[in-house]
Amino acid sequence: MVPGARLVVRPRPRAGRGVRRVDRVGEALLFGLCVLAALAVTAVIVDIAYQLVHGAQPAIAKYGLGFLSDSAWKPNFHIFGAAPVLYGTAVTSAMALLMATPIGIAIGLYLSMLAPRAVRGVVGPLVEMLAAIPSVILGLWGILVLAPFVRAHLEPWLHAHLGALAIFGDPQTSGSSVFTAGLILTVMVVPIIASVSRDLFLTVPQELQDGAAALGATRWEVVRGIVLPSTASGVAAAAFLGLGRALGEAIAVTQVIGAGSAVHANLFATGDTLASRIASQFQGAIGKLHIAALFYLALILLVFGVFTNLLAQWIGHRFDTRTAVAR
Amino acid sequence: VSAAEIDFTAPLTASGNLRRRRVVNLLAESVATVAAVAAVAVLGIVVAGVVSRGAHAISLDFLTKDPPLFGGPGGGIAPAIVGTALIVAVATAIAMPTGVLVAIFLTEFAGPRAGRVIRLALDVLNGLPSIVIGLFVFGLLVAGRHQSGLAGSLALAIIMVPLIARASQEMLLLVPQHLREAADALGVSRWRSIVGVVLPAALGGIVTGTVLAVARAAGETAPVLVVCSIFGNQVTVDFFGKAIPNIPVSIFTLSQAADASAFTRAWGAALVLLTFILLANIGARALLARSRRRITR
């Protein structure tokens, strides 16, 4: 040490009181904002339920649960019942699900097991792109391109060959029918089921598949014996997700279903669904009761939507725990 | 089967049973392939349909002029383009911070129970029919008052939040734990390490999620139809008190009309919207692949 120099021990500024205060404030601020955002999400769900019940109140007070089974919908006479749209929703969704589930699973199998790597990288995103087409554009295409085609070729053919079944009755419309709506919904639901089931099939352990193949199983037997059984609940969850989408689609269905108000067994007649009835009548609603009745429909839709969603979650969760145990 | 019954000299060809299994297998493989081809074909047919019918509606006038005052041919959809941009921009300004904050809450702060509740809430919100959200915003902001651009933005924001939150959360979970530990070891406080280290590392994925949500919101029709659909031919300055013209509702209204020139305008507007959405999707996918590679390397 240099002689004469004094060692001064100066108290170092303690890791900054100010800095620590900044940290305290920053920490609290970020945490607070995050909690606030999370609370906002839950609050919105609760408020959605409240607003729909509130909006539907006049109709609930007047009809109660009988609304679900009343079949007359005459806004001019202030008579409202949901039975025909419930029927229309059930028919279109069932049709979409019956067609989309096998197709979606088949695409999932193709993408996860058959397609060469390069093809997989192209076809996978293209299938998901199908889900990105806005429903209003799909509906526009449906009403101007698909519906005339369906009316000119598909409906007469089905009627001629399978006309014995009541659902394939006489084509009655210019193409805007429950059948066309079901086709459009199928196009919307397929990509959902396809991409979820592809991801599921990719999680099936390769050694199980190899083992089956080594025992002489063909690819299809591997799928039937190993892949499908071990992912069945996940696939069911995917189908429920698709069902939720089909139940709630408003715009495209409004454009192609023809806004009928009667219950027909014939798919080639017009109809209406919960969501499409709201979309087509809300703007021109006459009177408070009419709006309340439409809110009531939305409330039913909310219940269906939450129910299918939770069911899908629950089934999917069971799938998670089961595979976790298996590993 | 005893060994004596097997004819060891028989040629090694498929027996009837094996042949049947091979045929079944071939059948199953072809069905799967045909399904995939059909899905891509439907995409191709729809896009080609929109392009071929919309292309001759598109012109500089179509993109920059107002619609004709009393219907009929001519005119453009400029106000709808501007209006959609405005509504979606405001929706993004609401949804992006909310979504990212929810994602940070889930990955950095929430315990298992709170996390499960919020994740469930996001899934439920994501699965709600969009028309239900439209009616909710109608009850909240429009009933007894006026339709407004803000109401449209809020409805779209509610649709966007779960999408952005989900994408951000996935990306935040991909940020390597050692980055956080390194920041901790340097004595960096938690909020600084989140804001300064974790978020920037996940930025690519967050932007991707936001772009995809914007693409989804731009085409959403049902909620906007309920809360922001009675509009004139101009974008008004009164964002909070008047409905703003927008593309999806324009397409819907034009598709319900029964005249050929309306259909032509609808196809043109559909082409504009579809081009934007498909480009946004392709761009987001490319960006996501890149940022995933960078973050996991």
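A salt bridge is a side-chain nitrogen of Lys or Arg within 4 Å of a carboxyl oxygen of Asp or Glu. With that rule in mind, select Glu128(A) and Arg285(B) in this predicted model. Their side chains meet in a salt bridge, with an N to O distance of 3.1 Å.

Next, select Asp23(A) and Arg192(B). These side chains also form a salt bridge, at 3.3 Å from N to O. The pair runs between chains: Asp23(A) lies in helix α1 (residues 17-63) of chain A, and Arg192(B) lies in helix α8 (residues 190-219) of chain B. Across the interface of chain A and chain B, four salt bridges are found; over all chains, the count is 11.

Now display both chains in full. The size of an interface is often given as the accessible area lost when the parts come together. Between chain A and chain B, the buried area is about 6,400 Å², and carbon and sulfur atoms give 81% of that area. In this interface, 68 residues of chain A are in contact with 73 residues of chain B.

Remain at the interface and select helix α2 (residues 83-114) of chain A together with helix α1 (residues 16-54) of chain B. Two packed helices are described by the angle between their axes and the distance between the axes. Here the angle is about 105 degrees and the axes are 8 Å apart. The helices α2(A) and α1(B) are therefore roughly perpendicular to each other. Among the residues that meet are Ile103(A), Ile107(A) and Tyr110(A) from α2(A), and Glu29(B), Val31(B) and Ala32(B) from α1(B). The residues of this contact divide into 10 nonpolar, one polar and one charged.

Keep α2(A) selected and add helix α5 (residues 178-202) of chain A. The axes of α2(A) and α5(A) come within 6 Å and cross at roughly 35 degrees, and the crossing is right-handed. By class, the contact has 21 nonpolar, eight polar and one charged residues.

Finally, hide α2(A) and show α5(A) with helix α7 (residues 219-248) of chain A. How far apart are the axes of α5(A) and α7(A)? They lie 9 Å apart, and the helices pack at an angle of about 150 degrees. Angles over 145 degrees count as roughly antiparallel, which makes α5(A) roughly antiparallel to α7(A). The crossing of α5(A) with α7(A) is right-handed. Residues to label include Leu185(A), Ile192(A) and Phe201(A) in α5(A), and Val227(A), Gly234(A) and Arg245(A) in α7(A). This contact has 15 nonpolar, four polar and one charged residues.

Definitions and conventions: Residues numbered from 1 in each chain as written. Chains lettered and ligands numbered in written order. Predicted model: local features only at pLDDT ≥ 70, side-chain atom pairs only at ≥ 80, totals over all residues. Heavy atoms only, no water. Axes fitted to C-alpha atoms, helices over the stretch in contact; angles between N-to-C directions. Helix = DSSP H or I, 4+ residues; strand = E, 2+ residues; numbered from the N terminus. Left-handed = near helix turned anticlockwise from the far one by under 90°. Nonpolar A, V, L, I, M, F, W, Y, C, P; charged D, E, K, R; others polar. Parallel < 35°, antiparallel > 145°, perpendicular 65-115°, else oblique. Contact = heavy atoms within 4.5 Å. Buried area = accessible area lost by both parts, 1.4 Å probe.
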